[in-house]
Amino acid sequence: LVPGSLMIDVFLRWNYTTDTNAMLVGFFREFALAEDAVGNATGANDLRDLSNEIAQAINEHLWAAEDAGSDHYVTQWDGPELGTYRDFVDYDANMIAA
C-alpha cells in the first residue's frame, strides 16, 4: 500500500486510504500501456507488477472485517503500527476500487 490522503478529505484522513491506492492501480496500468507504446517493456512490466501488488494489498488490508459487514473497502487504515481503521462506507472509494 501507498500512504496518502483521502481525496475528498485531505486534511482529516491520511495513512492508507482506499481511494488513493485504488487510483494508483489504474494509473500504473495506464502508464504501463504508455511504456509499451514507446518500447519500454521492462518499465511496463515493472508498473504492472507494482499495480498488482497494490491491488493485492488493498484487498488484504482495506477490505472490511467480518464485524463491519465484510462487504466493502474501509476508508482508511492506520497501518500495522496502530492497526486502527476509519470506516465511513465510502462509496466513491469503493467505486474506484471496483
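**Exercise 1. Is the crossing of H1 and H2 left-handed or right-handed?**

*Solution.* The crossing of H1 and H2 is left-handed; a crossing is given this name if the near helix is turned anticlockwise from the far one by less than a right angle, and is right-handed if clockwise. The model is a predicted one, in which local features need pLDDT of at least 70 and side-chain atom pairs count only at pLDDT 80 or more, while totals for chains, interfaces and linings use all residues. Residues are numbered from 1 along each chain as its sequence is written, and side-chain values use heavy atoms, with hydrogens and water left out.

**Exercise 2. Describe the fold and the packing of helices H1 and H2.**

*Solution.* Step 1, the elements. The protein has four helices and three strands; helices (H or I, at least four residues) and strands (E, at least two) are DSSP runs, numbered from the N terminus. Along the sequence their pattern is β-α-α-β-α-β-α.

Step 2, the geometry. Two packed helices are described by the angle between their axes and the distance between the axes. H1 and H2 pack at an angle of about 165 degrees, and their axes are 8 Å apart. Axes are lines fitted to C-alpha atoms, for helices over the stretch in contact, and angles run from 0 to 180 degrees between N-to-C directions.

Step 3, the class. H1 and H2 are therefore roughly antiparallel to each other, given that angles under 35 degrees count as roughly parallel, over 145 as roughly antiparallel, 65 to 115 as roughly perpendicular and the rest as oblique.

Step 4, the residues. The contact includes Leu 24, Phe 28 and Glu 35 of H1 and Leu 47, Ile 54 and Ile 58 of H2; contact means heavy atoms within 4.5 Å.

**Exercise 3. Identify the residues that touch the most other members of the largest nonpolar core, and the helices that supply it.**

*Solution.* Step 1. A nonpolar core is a set of buried Ala, Val, Leu, Ile, Met, Phe, Trp, Tyr and Cys residues joined through side-chain atoms within 4.5 Å. Buried means under 20% relative accessible area, exposed over 50%, and partly exposed in between (1.4 Å probe, protein chains only).

Step 2. The largest core has 15 residues, of which Phe 28, Ile 54, Ile 58 and Leu 62 touch the most other members. Helix H1 (18-37) and helix H2 (41-61) each supply at least two residues, and H1 gives the most, with five.

Step 3. Apart from residues up to four places away in sequence, Ile 54 touches Leu 1, Val 2, Asn 21, Leu 24, Val 25 and Phe 28.

**Exercise 4. Determine the geometry and the setting of the aromatic pair Trp 63 and Tyr 73.**

*Solution.* Step 1. A pair of aromatic rings is described by the distance of the centres and the angle of the planes. Rings of Phe, Tyr and Trp (its six-membered ring) pair if their centres lie within 6.5 Å; planes under 30 degrees apart count as stacked, over 60 as edge-to-face and the rest as tilted.

Step 2. The whole structure holds five aromatic pairs. That of Trp 63 and Tyr 73 is edge-to-face, at 4.9 Å centre to centre and 80 degrees between the planes. Both residues lie in the loop between H2 and strand E2 (76-77), ten residues apart.

Step 3. Trp 63 is partly exposed at 34% relative accessible area, whereas Tyr 73 is buried at 13%. Elsewhere, ring pairs link Tyr 16, Trp 77 and Tyr 85 into a cluster.

**Exercise 5. Characterise the surroundings of Thr 18, Asn 94 and Glu 35.**

*Solution.* Step 1. Thr 18 is in helix H1 and is buried, with a relative accessible area of 0%. Beyond residues up to four places away in sequence, Thr 18 touches Leu 62, Tyr 73, Val 74, Thr 75, Ala 93 and Ala 97.

Step 2. Asn 94, in helix H4 (residues 91-97), counts as buried at 16% relative accessibility. Asn 94 and Thr 18 are 76 residues apart in sequence and 7.5 Å apart in space, C-alpha to C-alpha. With residues up to four places away not counted, Asn 94 touches His 72 and Tyr 73.

Step 3. Glu 35 of helix H1 is buried at 16% relative accessible area. Its contacts, leaving aside neighbours within four places in sequence, are Asn 40, Gly 43, Ala 44 and Leu 47. Glu 35 and Leu 47 lie twelve residues apart in sequence and 8.9 Å apart in space, C-alpha to C-alpha.
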